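Please work through the exercises below with the sequence and the structure open beside you. Try each task on your own before you read its solution.

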Amino acid sequence: MILFLAAPTIIDDLLLKFFSEQTVNYVIWPLIQVGAVVTITAGWVAYATYLERKISAFIQARLGPMRVGPWGLLQPIADGLKLLTKEDFIPENADRWIFFVAPYIAVVAAFIVLAVVPFGPDWAVITDVNIGVLFVLAVSSVGVLALILAGWSSNSKYALLGALRSSAQMVSYEVSMGLAIIGALMFARTLSLSGIVATQQSDAVWFLIYQPVGFVIFLISGIAENNRAPFDLPEAESELVAGFHTEYSGFRWSLFFMAEYTAMVVVTAFATTLYLGGWYFPFVYRFTEAKGYHTAYVVVSLIVFLAKAGLLLYLYFWLRWTLPRFRYDQLMDLGWKWMLPAALINIVGTAIGIGVIQGLDGVGGMHTLDPINVTGGLGLTPTGKIIAIGIGVINLFLTAGLLSLINRRSRDFNLKKQRRQIRLVNLPKGKPAVAPVASESQT
């Protein structure tokens, strides 16, 4: 354990004997970090299938994989060998170049996003860019486009239908996902992911407490964008055989699932950073560099981050084996009639709430803002934090009420329309569907 905690310092001292400080900091260490993240994520992808099968077995009172290795722990290795040895074929009339490249686009887009995710302080993050939020949203969208290219290039009706569903689902839920995070960004006042974590650390409050509506919308939209059940319409095997990857086999077929499970890591890591404080947790600050435990502080912070993301990943598995798949009209209704209005209501409510907090500062001796100790974000005082939490709770009930009102009026309108159509169909023969208009002579 001592060697593990001292490893970064030992490696850094060893590298400085052969390379300059700039080469070590900006070339060698990033390559080491990238290699570690890719290796760990690839291992996660391999054993995520094992975990999902074990969790589903636990939910259904079964044992799950038990044959290969003790408790079935070697099952992912056996599955990987099977996929590598399977026949790899390309349909005769397919667009061969796009068919070949599409799965690699999905994998590369999912892995690139991990470069800006702050898994912890200091060396636990590869790079910190000031537009990290925009980078994640932009690059993750490319991964969804890979599914569209795969379905179109296969020259198969089933794959094409899966690709069309993927494009509609992408448009529907990426809009809601982008709007859902605006409330959290209002409190953070930065697009840097590390800066967002630092703001939550300075406030000692996770943005989940300020933004419960935004967290729910983001999580649902993220699950839908990953094509995970109950939103797995692009690969619905019950009606599309396998959807966009119907014509794929062997290793290239497995790349789509590698991209899917990696995208799950991206969404959970993004949600953890935005709403669950990232690597911040109370009392972890005791392992500070001032007390001589900086490496231990980084390691503990990394464990905290992985624990939070792991809980959200378990939610993915739990929902898959609990909820039935949505119908396509239900998928669109949820995206456009519920998620999108909820995100817009949350933005307006958050903006009004922040305006109220700023307006109350100095009123009747009340202090809601602390301009002296501002290290990021709004710089709320304890009074301001209490008001912000109250506004978040009010916003939750307000959003639920307005959504119920909006969709009830829409439902009533549709029922009236259906009843009118039924009356027109059931009219007696020979009777006009519309009353005759009086002529000018009659009037």
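The exercises that follow concern a predicted model, and each task is followed by a solution in steps.

**Exercise 1. The protein as a whole**

Task: State how many helices and strands there are in the protein, and what percentage of its residues is buried.

Solution: Begin with the secondary structure, where a count gives 15 helices and 0 strands. Next, turn to burial: of the 443 residues in the protein, 44% are buried. The outer surface can then be described, since the protein exposes about 23500 Å², and carbon and sulfur atoms supply 69% of that area. Finally, consider contacts between residues at least 6 apart in sequence; among these, 74% join residues at least 24 apart.

**Exercise 2. Helix α12**

Task: Work out what span helix α12 should have, and decide whether the helix is largely enclosed or not enclosed by the rest of the structure.

Solution: Helix α12 covers residues 250-275, which makes 26 residues. The expected span is 1.5 Å times one less than the number of residues, and for α12 this comes to 38 Å. The C-alpha atoms at the two ends of α12 are 38 Å apart, so the model agrees with the expectation. For the second part, look at burial: 22 of the 26 residues of α12 are buried, and the helix is therefore largely enclosed by the rest of the structure. After α12 comes Gly277, which has a positive phi, near 80°.

**Exercise 3. A residue inside helix α10**

Task: Locate Ser221, decide whether this residue is buried or exposed, and list what it touches beyond four places away in sequence.

Solution: First, find Ser221 in helix α10, which runs over residues 212-225. Second, compare its relative accessibility with the cut-off: buried means under 20%, and Ser221 counts as buried because its value is 0%. Third, leaving aside residues up to four places away in sequence, the contacts of Ser221 are Tyr173, Ser176, Met177 and Met339.

**Exercise 4. A nonpolar patch on the surface**

Task: Identify which helix gives the most residues to the nonpolar patch, and examine Ile77 as an example.

Solution: Start with the members of the patch, among them Tyr47, Trp71, Ile77, Phe100 and Phe251, which together with the other members have about 1200 Å² of accessible area. Then ask where the members come from: α3 (75-85) and α4 (96-113) each supply at least two residues, and α3 gives the most, with 3 residues. Ile77 has its place in helix α3, and this residue is partly exposed, with a relative accessible area of 47%.

**Exercise 5. Comparing salt bridges**

Task: Describe the salt bridge of Arg228 with Glu52 and that of Lys337 with Asp333, giving for each the distance and the burial of both partners.

Solution: Recall first that side chains of opposite charge can pair when their charged atoms come close. The whole structure holds 8 salt bridges. In one of these, the side chains of Arg228 and Glu52 meet with an N to O distance of 2.7 Å. This pair links distant parts of the chain, as Arg228 lies in the loop between α10 and α11 (237-240) and Glu52 in helix α2 (residues 21-59), 176 residues apart. Arg228 is buried at 1% relative accessible area, and Glu52 is buried at 3%. Both belong to a network of salt bridges that also includes Glu260 and Arg320.

Now take Lys337 and Asp333, whose salt bridge has an N to O distance of 3.7 Å. Both residues lie in helix α14 (residues 328-360), 4 residues apart, about one turn of the helix. An α-helix has 3.6 residues a turn, so residues three or four places apart point the same way. Lys337 is partly exposed at 33% relative accessible area, and Asp333 is partly exposed at 31%.

**Exercise 6. Unusual backbone angles**

Task: Find where Ala204 and Asn227 lie, and say which peptide bond is cis.

Solution: Keep in mind that most residues other than glycine have a negative phi, and most peptide bonds are trans. Ala204 has a positive phi of about 60°; this residue is in the loop between α8 (193-203) and α9 (207-210), and is partly exposed at 48%. Asn227 also has a positive phi of about 60°, but lies in the loop between α10 and α11 and is buried at 5%. The loop between α10 and α11 also holds Pro230, and the peptide bond from Ala229 to Pro230 is cis, with omega near 10°.

Conventions:
Residues numbered from 1 in each chain as written. Predicted model: local features only at pLDDT ≥ 70, side-chain atom pairs only at ≥ 80, totals over all residues. Heavy atoms only, no water. Buried < 20%, exposed > 50% of the residue type's maximum accessible area, 1.4 Å probe, protein only. Contact = heavy atoms within 4.5 Å. Patch = residues over 30% accessible without salt bridge, like charges linked within 9 Å, V, L, I, M, F, W, Y side chains within 5 Å. Areas by Shrake-Rupley, 256 points an atom, 1.4 Å probe, with all protein chains shown as cover. Salt bridge = Lys/Arg side-chain N within 4 Å of Asp/Glu carboxyl O.
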